[in-house]
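Dear colleague,

Please find below the structure that I am handing over to you. My findings follow after it.

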Amino acid sequence: MAIDVIGLTAERAAALLRGRECTSEELAQAYLDRIAAVDGELHSYLHVDPERTLAAAREQDASGGDGLAGVPIAYKDLLSTRGVPTTAGSRILEGFVPIESADVVRWGDEAGLVSLGKTNLDEFAMGSSTEHSAYGPTRNPWDVARVPGGSSGGSAAVVASGCAPWALGTDTGGSIRQPAAFCGLVGLMPTYGSVSRFGVVAFACSLEQVGPMTLTVRDAALLQQVIARDSDRDATCTGPREPIALPEAGRLDGITFGVPRAELEAGVEEGVRARFDESLAIAESLGARLVDVELPYARHGLAAYYVIAPAEASANLSRFDGVRYGLRVDAPDVRAMYEATRDAGFGAEVKRRIMIGTYALSAGYHDAYYVQAQRVRTLIRRDFDAAFGQVDAILLPTAPTTAFPIGARLDDPLAMYANDIFTLPVNLAGIPALSVPNGLSEGLPTGLQIIGPAHSENLLLRLGAAFEAEHAFDPVPPAMRSAS
Amino acid sequence: MADVELTPDEVRHVAALARLGLADEEVERLGRELTSILGHVNTIAQLPIADVPPTKHANPHGDALRPDAARPGAPREEALANAPDPTPEGFRVPPIGA
């Protein structure tokens, strides 16, 4: 059969496979054809190996698997894949071929998922637009003159353009949720510690989690079922966690949402604000109650984040030294080799963050910057704890704007960072959040962020499914319907 | 803490700590950018929160420790396969302190 992969959910793809309406090989070929047709313009994949993908699909067809076996997937190129190049979007890892797969990739393999390839990202996941990739920017399928968000912009673009049914991303300050919002998708940032980070090229270990980027809330639940497992290779990945249930849309009687009104005054674009207010009305129409909550320290999240994340990054990225893997620039002595290698291998944003982090951790500044930021982190956590004493979940726009034009923020790092004001406090607190499509503003998607207490993924997915059903959002960008 | 303005010498000092060789124009640009970013970061420096305990990580459960048992590591040839300048037994580097 001819398979139309545009807008095809992973849940539906699995049903086609289990109903023997198509084979995994046919499905993979349909996606590879789609990639060949549209990804030249979008540049959302960094690595595609059709022969490898088709061989993996044939293996699934032969093994007669169940569940999700044979369904394709795309992986952010921050996730190590054994035998398949992994660049983290950086020149310093050009040509690097991992000898082990990330735990989440291994679990995808165990579930029978078939990798279509590795997706573009801001270098080492440092960015909010995918423009900081050393391999060039990815374009937004809703408007190719605009960014897809970031850092998981490639993963967002492949799903929105029908080049994969779903993808994994990582989120350190909003890197799953913001690109999901910019591309009209569902993105889940799980509770810190619920998904293994083993094999994720490390940026900021105390903040980042792997999570699903999907067309529907149910697909997010299905993929979270695959990846939320204990691992003995990540000391922070530990239970207890609830098994993830498949959510059904329904009424929200008895649910109380907190709305941080003061935070909303901080420069939310008019159309984003209007769509957000409509979702508040939807919540009430479904029987939920809205109350104001205060998160007085959340506004300091940006400052705290831009100490803590670069500090951790400066330590993590010290491993790129031209000795064991990646680029080496030759020099007469080892120190000159380190400096030349790192100068040539890292891009401008990565250097900025290494410099901020090294400065903040250096003698005389450690307490004033790093420890102070960690104190703010405590206060942000306490804000959320206090709010969750009153409410079941908190609603905010995922990002204060829609997707911005390529190049618009590249010369102003602080403006780029400010796009994450509503997402990064959540990483500092280590709690989960779900971004669901929230309608269009001037033809571009907006996102509704639902934030919950630790290990509330099932609640978030159920709430997300309720909003999803009310919005009845079509996740296929108009330009993508006729593109193939 | 008063507003910081990073001088070129300070930028070079931090770059040396980070083992980043920087061209002169990068030193100038990073000085400007870091001054601006640290200016924003300084908004938290004044908060009177010295008695608040710092949060180092957000995991409420503590570390998960596995049994301290030996298990095989990567085979040598695999571990060396990505090295820019491997020998049959290890990683070759330029002279130290030449």
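Helix α10(A) passes helix α13(A) in a left-handed crossing, meaning that the near helix is turned anticlockwise from the far one by less than a right angle. Helices here are DSSP runs of H or I with at least four residues, strands are runs of E with at least two, and both are numbered from the N terminus.

This is a predicted model, in which local features need pLDDT of at least 70 and side-chain atom pairs count only at pLDDT 80 or more, while totals for chains, interfaces and linings use all residues. Residues are numbered from 1 along each chain as its sequence is written, chains are lettered from A and ligands numbered from 1 in the order in which they are written, and side-chain values use heavy atoms, with hydrogens and water left out.

To return to the first helix pair, α10 covers residues 301-316 of chain A and α13 covers residues 366-388 of chain A; their axes come within 9 Å and cross at roughly 125°. Axes are lines fitted to C-alpha atoms, for helices over the stretch in contact, and angles run from 0 to 180 degrees between N-to-C directions. The crossing angle therefore makes α10(A) oblique to α13(A) (under 35 degrees counts as roughly parallel, over 145 as roughly antiparallel, 65 to 115 as roughly perpendicular and the rest as oblique). Among the residues in contact (heavy atoms within 4.5 Å) are Ala304(A) and Ile308(A) of α10(A), and Tyr370(A) and Ala373(A) of α13(A).

A second pair in chain A consists of α9 (residues 270-285) and α16 (residues 457-471), which pack at about 105° with their axes 11 Å apart. These two helices are therefore roughly perpendicular to each other. Ser279(A), Ile282(A) and Ala283(A) of α9(A) make the contact with Phe467(A), Glu470(A) and His471(A) of α16(A).

Between the chains, 69 residues of chain A are in contact with 59 residues of chain B. The two chains bury about 5600 Å² between them, 65% of it on carbon and sulfur atoms (buried area is the accessible area, with a 1.4 Å probe, that two parts lose on being put together, summed over both). There are five salt bridges between chain A and chain B (a side-chain nitrogen of Lys or Arg within 4 Å of a carboxyl oxygen of Asp or Glu). Glu78(B) forms a salt bridge with Arg82(A), with the closest N and O atoms 3.3 Å apart.

Two backbone features of chain A complete this account. The peptide bond from Gly150(A) to Ser151(A) is cis, with omega near 10°, and Ser151(A) lies in the loop between β3 (114-119) and α5 (153-160). Ala88(A) has a positive phi of about 55° although it is not a glycine.

Yours sincerely
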